[in-house]
Amino acid sequence: MKYLLGIDFGGGASKATLIDTLGSIIAENTVEYPTLYPEAGACEQSPDDWINALCENTKALLSKSGIDSGDILAVAIDSATHTSLVCDKDFKPLRSALHWTDTRSRRQADKLREELGEEIFKKTYHKPDTIWTLPQLIWLKEKEPETYSKIRYIFFEKDYVRYYLTGVFCTDYIEAEGSMLFDCNKMEWDRELCKLAGITVDMLPPVVKPTDTIGKITVAAARATSLKEGTPVICG
């Protein structure tokens, strides 16, 4: 028998589910992690907590099921969209991730809506609000300029976890659509929207389909998770 592994990252926990190729659930495991509230309106998560939950989940799942990790055909990661994480030139996080429920960018979102709301809506099909990445990045630029100046790559939650597994920097078009940096008509990152946040398109991940196989489990990730090196990873 062969298997498929799906790992979800939610607001307060990660749940891993192992199914067989007929769709039957073989084993499940959940690992909780905290959401951080350092000040009024803040909602953040530590990327280290995501990775720790990933590793604990995969090891527990293999233990519960008793299967050989080599029998897992593919792994896929999913999460709520547009929880962003800014990283430096070495792909190292510069701060905790900004959860999509963080509301500190209210003033920035209101200004975008008042000045450019219609133009932004034509490209993104969304009205500026605190839940989108664009106003959150403008908030970060204004409130934490030193951190902002070091940004080289911008991840979204599941994409960072998948990067840990594969070393591949990418995202899917559904995630991109939730950033307010993506032109939903042209299906590409929009330079003008990026300019509003003071970033360039090359800071954002290449966009692929959710069903694309984007890479394989690396040696280091296999050691940390007990998954088999070379196992295909789906974008999710």
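**Exercise 1. At roughly what angle do the axes of helix α2 (residues 106-124) and helix α3 (residues 133-143) cross, and within what distance do they come?** Classify the crossing, then list the residues that make the contact.

*Solution.* The model is predicted.

Step 1. Take the geometry. Two packed helices are described by the angle between their axes and the distance between the axes. The axes of α2 and α3 come within 10 Å. They cross at roughly 135 degrees.

Step 2. Classify the angle. Angles over 145 degrees count as roughly antiparallel, and 65 to 115 as roughly perpendicular. The crossing angle is roughly 135 degrees. The two helices, α2 and α3, are therefore oblique to each other.

Step 3. Add the hand. The crossing of α2 and α3 is right-handed.

Step 4. Find the contacts. From α2 come Arg107, Gln108, Ala109, Leu112 and Ile120. In α3 they meet Leu134, Pro135, Ile138, Trp139 and Glu142. Sorted by class, this contact has 7 nonpolar, 1 polar and 2 charged residues.

**Exercise 2. Which residue does Glu44 meet in a salt bridge, and at what N to O distance?** Place both partners in the chain and decide whether they are buried or exposed.

*Solution.*

Step 1. Identify the pair. The Glu44 side chain meets that of Arg104, at 2.7 Å from N to O. The structure holds 19 salt bridges.

Step 2. Place the partners. Glu44 sits in strand β4 (residues 44-45). Arg104 lies in the loop between β7 (97-98) and α2. They are 60 residues apart, so the pair links distant parts of the chain.

Step 3. Check burial. Glu44 and Arg104 are both buried.

Step 4. Look for a second partner of Arg104. Its side chain also meets Asp102 in a salt bridge, at 2.6 Å from N to O. Asp102 is buried as well.

**Exercise 3. How many residues apart are Glu192 and Lys195, and in which helix do they lie?** Describe their salt bridge and the exposure of each partner. Then name the network built from shared partners.

*Solution.*

Step 1. Locate the pair. Both residues, Glu192 and Lys195, lie in helix α7 (residues 191-197). The spacing is 3 residues, about one turn of the helix.

Step 2. Read the distance. The closest N and O atoms of Glu192 and Lys195 are 3.7 Å apart. The cut-off for a salt bridge is within 4 Å, and this pair forms one.

Step 3. Judge exposure. Exposed means over 50% relative accessible area, and buried means under 20%. Glu192 has 43%, so it is partly exposed. Lys195 has 57% relative accessibility, so it counts as exposed.

Step 4. Name the network. Salt bridges with shared partners join Glu39, Glu44, Arg95, Asp102, Arg104 and Glu144 into one network.

Definitions and conventions: Residues numbered from 1 in each chain as written. Predicted model: local features only at pLDDT ≥ 70, side-chain atom pairs only at ≥ 80, totals over all residues. Heavy atoms only, no water. Axes fitted to C-alpha atoms, helices over the stretch in contact; angles between N-to-C directions. Helix = DSSP H or I, 4+ residues; strand = E, 2+ residues; numbered from the N terminus. Parallel < 35°, antiparallel > 145°, perpendicular 65-115°, else oblique. Left-handed = near helix turned anticlockwise from the far one by under 90°. Contact = heavy atoms within 4.5 Å. Nonpolar A, V, L, I, M, F, W, Y, C, P; charged D, E, K, R; others polar. Buried < 20%, exposed > 50% of the residue type's maximum accessible area, 1.4 Å probe, protein only.
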